Amino acid sequence: MKIYFQKKDFNLSKELNNFSKKNKKVGSIISFVGKVRPLNNKKKIESMEIDCYKKMALYQTKKIIDILISKGGIVDYQVIHRFGKLFPSENIILILVASKHRKEGFFFIEKLIKWFKSKITFWKKEFYLNSSTWLKSQK
């Protein structure tokens, strides 16, 4: 059960393989990878800057994960969220979840990613060819 906020990219195959080896007795392992889109609102994204206060982000993430785990069925999880300057098609977030059954794993990922999109204290700015925009949290 680990949470990382980091600048460096992650190796999806390596992370999934290590997580799977560690969780041999579960019914499902589900993964989600979020990437930087090439377009937003019909504008070509040149890059994206994500900034966070790591201590607060960790506290907030642990809090929501504790709530999700209390629903039952989750055996293990790993979250890696990148920050810094990112480019289209680069990885932003990896969520791995080991659960007794797939239903609990899909629920965990769906709720956690919605939470990351709407509640976490991150500052995101997209850069286009001739302009930039601060992104608002999704509701």
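**Exercise 1.** Is Glu-110 buried, partly exposed or exposed?

*Solution.* This is a predicted model: local features need pLDDT of at least 70, side-chain atom pairs count only at pLDDT 80 or more, and totals for chains, interfaces and linings use all residues. Residues are numbered from 1 along each chain as its sequence is written, and side-chain values use heavy atoms, with hydrogens and water left out.

Step 1. Take the cut-offs: buried is under 20% relative accessible area, exposed is over 50%, partly exposed is in between (1.4 Å probe, protein chains only).
Step 2. Glu-110 has a relative accessible area of 40%. Glu-110 is therefore partly exposed.

**Exercise 2.** Find the salt-bridge partner of Glu-110 and place the pair.

*Solution.* Step 1. A salt bridge needs a side-chain nitrogen of Lys or Arg within 4 Å of a carboxyl oxygen of Asp or Glu.
Step 2. Lys-114 is the partner, with the closest N and O atoms 3.6 Å apart.
Step 3. Both residues sit in helix α3 (residues 102–118), four residues apart, about one turn of the helix. Helices here are DSSP runs (H or I, at least four residues), and strands are runs of E (at least two), numbered from the N terminus.
Step 4. Lys-114 is partly exposed, at 46%.

**Exercise 3.** Trace the salt bridges of Arg-82.

*Solution.* Step 1. Asp-9 bridges to Arg-82, with 3.7 Å between the closest N and O atoms. Asp-9 lies in the loop between β1 (2–6) and α1 (12–22), and Arg-82 in strand β6 (residues 74–82), 73 residues apart.
Step 2. Glu-90 also forms a salt bridge with Arg-82 (4.0 Å, N to O).
Step 3. Compare exposure. Arg-82 is buried at 6%. Asp-9 is partly exposed at 41%, and Glu-90 is partly exposed at 26%.
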